[in-house]
Amino acid sequence: MSSLESILKKKGPCLSSDLVKILVEEDRVSNEAARKRVSRLGVNIHRLEGLPFPRNAKFIYLKKDFRSPFFWQALFAAFKETNSAYWFAISAIEEREGIIPYDHFLIACGSPIRQKKHLPPQTIVERLVRHEVFFVKEVEGIGKCIVLTKYEDDLSYLLTKLKSRLI
């Protein structure tokens with residue numbers, strides 16, 4: 001087992017910048033050597049591509065942790081720590097118990113529709129759906145809704161709560 005794997009088993013999924021810090025502190029290697037180790041991931045270690053973090057950091061996780069409660073908690077914490085637009089979108093849905101009508105999301109996520117150097121809400125939805133953080137569900141009587149994937153097992157309960165909330 002590599003040192004990266006053992007760190008990820010102990011600490012859990014995290015940003016590549018956090019992994020570099022841990023390697024520098026624990027293994028007493030230079031910053032450059034630690035970054036190089038992180039860039040050469042092992043077989044069971046994956047990085048989440050396509051969701052940018054500051055300074056080109058990547059979200060690193062063990063294959064077995066993907067879509068586990070541990071994974072969601074670490075991913076959401078990484079978005080929150082970096083003050084990401086994705087965090088505001090996720091927290092908008094979290095505040096609405098895991099499901100929100102698509103039209104409401106466009107307003108609640110806090111992203112401007114057309115403003116330079118800002119992600120529009122449609123792009124946020126596309127990226128988070130592609131990475132299975134959200135999924136889009138057509139709900140009878142309401143229309144297109146966005147659901148946090150971590151709540152997919154509770155969907156019938158969420159739909160009942162959504163309908164009562166909208167009334």
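Two strands are taken to pair where DSSP finds at least two bridges between them. In this predicted model, an open sheet of 3 strands follows the order β1-β3-β2, and its pairing is antiparallel. The edges of the sheet are formed by β1 (14-15) and β2 (45-48), each of which pairs on one side only. Between β2 and β3 (residues 59-62), the antiparallel pairing extends over 4 bridges. Within this pairing, Leu-48 has Phe-59 of β3 as its bridge partner. Helix α1 (residues 3-11) lies across β1, β2 and β3, and its direction makes an angle of about 90 degrees with β3.

Helix α2 (residues 16-27) contains Asp-18. This acidic residue is buried but takes part in no salt bridge. The nearest side chain of opposite charge to Asp-18 is that of Lys-21, at 4.4 Å, whereas a salt bridge requires a side-chain nitrogen of Lys or Arg within 4 Å of a carboxyl oxygen of Asp or Glu. When residues up to four places away in sequence are left aside, Asp-18 touches Lys-11 and Glu-81.

Elsewhere, charged side chains do meet, and the count of salt bridges comes to 10. One of them joins Arg-67 and Glu-132, with the closest N and O atoms 3.0 Å apart. Arg-67 is located in the loop between β3 and α4 (69-81), and Glu-132 in the loop between α7 (121-130) and β5 (134-139), so this pair ties together parts that are 65 residues apart in sequence. Both residues are partly exposed, Glu-132 at 33% relative accessibility and Arg-67 at 31%.

A further salt bridge is formed by the side chains of Arg-165 and Glu-97, at 3.7 Å from N to O. Because Arg-165 belongs to helix α8 (residues 155-166) and Glu-97 to the loop between α5 (85-94) and β4 (99-101), the contact ties together parts that are 68 residues apart in sequence. Arg-165 is partly exposed, with a relative accessible area of 36%, and Glu-97 is likewise partly exposed, at 35% relative accessibility.

Salt bridges with shared partners also join Arg-47, Glu-49 and Lys-58 into one network. Within this network, the side chains of Glu-49 and Lys-58 meet at 3.5 Å, N to O. Glu-49 is partly exposed at 39% relative accessibility, and Lys-58, with a relative accessible area of 27%, is partly exposed as well.

Technical notes
Residues are numbered from 1 along each chain as its sequence is written. This is a predicted model: local features need pLDDT of at least 70, side-chain atom pairs count only at pLDDT 80 or more; totals for chains, interfaces and linings use all residues. Side-chain values use heavy atoms; hydrogens and water are left out. Helices (H or I, at least four residues) and strands (E, at least two) are DSSP runs, numbered from the N terminus. Contact means heavy atoms within 4.5 Å. Axes are lines fitted to C-alpha atoms, for helices over the stretch in contact, and angles run from 0 to 180 degrees between N-to-C directions. Buried means under 20% relative accessible area, exposed over 50%, partly exposed in between (1.4 Å probe, protein chains only). Lys and Arg count as positive and Asp and Glu as negative; His and the chain ends are not counted.
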